[in-house]
Amino acid sequence: MKIIVPMAGRGSRLRPHTLTTPKPLIPIAGKPIVHRLVQDIAKVLDEKVDEVAFIIAEDFGEKIENDLKDIAESLGAKGTIYYQDKPLGTGHAIMCAKDSLSGPAVIAYADTLFKADFTLDKDADSVIWVKQVENPSAYGVVSLNEKIEITELVEKPTEFVSDLAVIGIYYFKDVAVLKGELQKVLDNNIVHGGEYQINDGIKAMQANGLRFVPGKVDEWMDCGNKNVTVETNGRMLNFLHKDGEKLIANNVKIKDTEITEPCFIGENVELINAKIGPNVSIGNGTKIENSTIKNSLIQTFAEVKNAKLDNAMIGNFAKFNGEFTQISIGDYSVLE
């Protein structure tokens, strides 16, 4: 089994956090988004993953490429890196990994997380992960027949088709079939909004009689912008806390501090005269002093003093003092 992960560029909606760290590597509850994604997919598949192929921009750099390979190796899989030189859509991104497109595979976009407990129907030619939503007109949705098979994909329907939204994760019994159809999409320059889309390959497979079924997830968590990423961090912390996962490192230095769970607190964090939580993630090496922080995500080696934060996101090596009188703010920074 293979997992194919189109990651595209760094993303603009999470700036300034993605200027140095691509969005899929932003930590949620102490672990990068893409790491949690492939880990959860592997659990649903319940079989050995042989390869994880990441499609990235060329400017990600060697360190990030090595980090991605480490994620694959943590699953006992080979990590492969491919490059998408231009943002030409989902179909184009997938075809950048064409050398890995053979046999059973899951394709998953790396800006979403999910919780699911279902048995994958491996007799189907494809499974498309979906989530029931309240406002289907804002999403791509699937239409089902009486056999609970997917008969149609409709992008942002103006009239009700179904309330099952496509979350961006797909299983293919033989992904080479999709590869063949997407090659036709590229060869015939079939574009929507200037981009080559996976849906055109899927629709061609359906037209040829292949069987598509839904895989319903219990939770679907977006990581598209700062607010929803902070919300997703809190939701994930609650799931992990209920599962009994250890979230606070043994070597955290705590003095006159109150912690309200759930919280993730990484290695060598120092907390002095602080109130932390609920729903806070604090990365390795961060120091927090004289502060109250809840519903927030703070990355590694940051320093926070004299602060009262809620719904905040602070990047690596950042320094914030709530009693500041002088300030130097770079591009895309936000103080509210």
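**Cores, aromatic pairs and a helix crossing**

F54 touches V5, M7, V34, L68, I71, A72, T80, I81 and Y82, leaving aside residues up to four places away in sequence. The model is predicted. In it, F54 belongs to the largest nonpolar core, a set of 54 residues. Together with L68 and W129, F54 touches the most other members of that core. Helix 1, spanning residues 33-45, gives the core its largest share, 8 residues. Apart from this core lies another, of 29 residues. Its members include M95, Y109, M205 and F212. In soluble globular proteins, nonpolar side chains tend to be buried together.

Y109, one of the residues of the 29-residue core, also takes part in aromatic pairing. The count of aromatic pairs comes to 4. One of them joins Y109 and Y170 edge-to-face. A pair of aromatic rings is described by the distance of the centres and the angle of the planes. For Y109 and Y170, the centres lie 6.2 Å apart and the planes meet at 80 degrees. Y109 sits in the loop between strand 6 (105-108) and strand 7 (112-115), whereas Y170 is part of strand 11 (residues 164-172), so the pair ties together parts that are 61 residues apart in sequence.

Are these two tyrosines, Y109 and Y170, buried or exposed? Y109 has a relative accessibility of 15% and therefore counts as buried, the cut-off being under 20%. Y170 is buried as well, with a relative accessible area of 4%. The ring of Y170 also pairs with that of F172. Here the centres are 6.3 Å apart and the planes stand at 20 degrees, so the pair is stacked. Planes under 30 degrees apart count as stacked. F172 is buried, as is Y170. Y109, Y170 and F172 form one aromatic cluster.

M205, another residue of the 29-residue core, lies in a contact between two helices. Two packed helices are described by the angle between their axes and the distance between the axes. Helix 4 (residues 175-187) and helix 5 (residues 198-207) pack at about 115 degrees, and their axes are 8 Å apart. The crossing is right-handed. Which residues of helix 4 and helix 5 make the contact? Helix 4 contributes V177, L178, E181, L182 and V185. From helix 5 come I198, D200, G201, I202, A204 and M205. By type, the residues of this contact divide into 8 nonpolar, 1 polar and 2 charged.

Definitions and conventions: Residues are numbered from 1 along each chain as its sequence is written. This is a predicted model: local features need pLDDT of at least 70, side-chain atom pairs count only at pLDDT 80 or more; totals for chains, interfaces and linings use all residues. Side-chain values use heavy atoms; hydrogens and water are left out. Axes are lines fitted to C-alpha atoms, for helices over the stretch in contact, and angles run from 0 to 180 degrees between N-to-C directions. Helices (H or I, at least four residues) and strands (E, at least two) are DSSP runs, numbered from the N terminus. A crossing is left-handed if the near helix is turned anticlockwise from the far one by less than a right angle, and right-handed if clockwise. Contact means heavy atoms within 4.5 Å. Ala, Val, Leu, Ile, Met, Phe, Trp, Tyr, Cys and Pro count as nonpolar, Asp, Glu, Lys and Arg as charged, and the others, Gly among them, as polar. Rings of Phe, Tyr and Trp (its six-membered ring) pair if their centres lie within 6.5 Å; planes under 30 degrees apart count as stacked, over 60 as edge-to-face and the rest as tilted. Buried means under 20% relative accessible area, exposed over 50%, partly exposed in between (1.4 Å probe, protein chains only). A nonpolar core is a set of buried Ala, Val, Leu, Ile, Met, Phe, Trp, Tyr and Cys residues joined through side-chain atoms within 4.5 Å.
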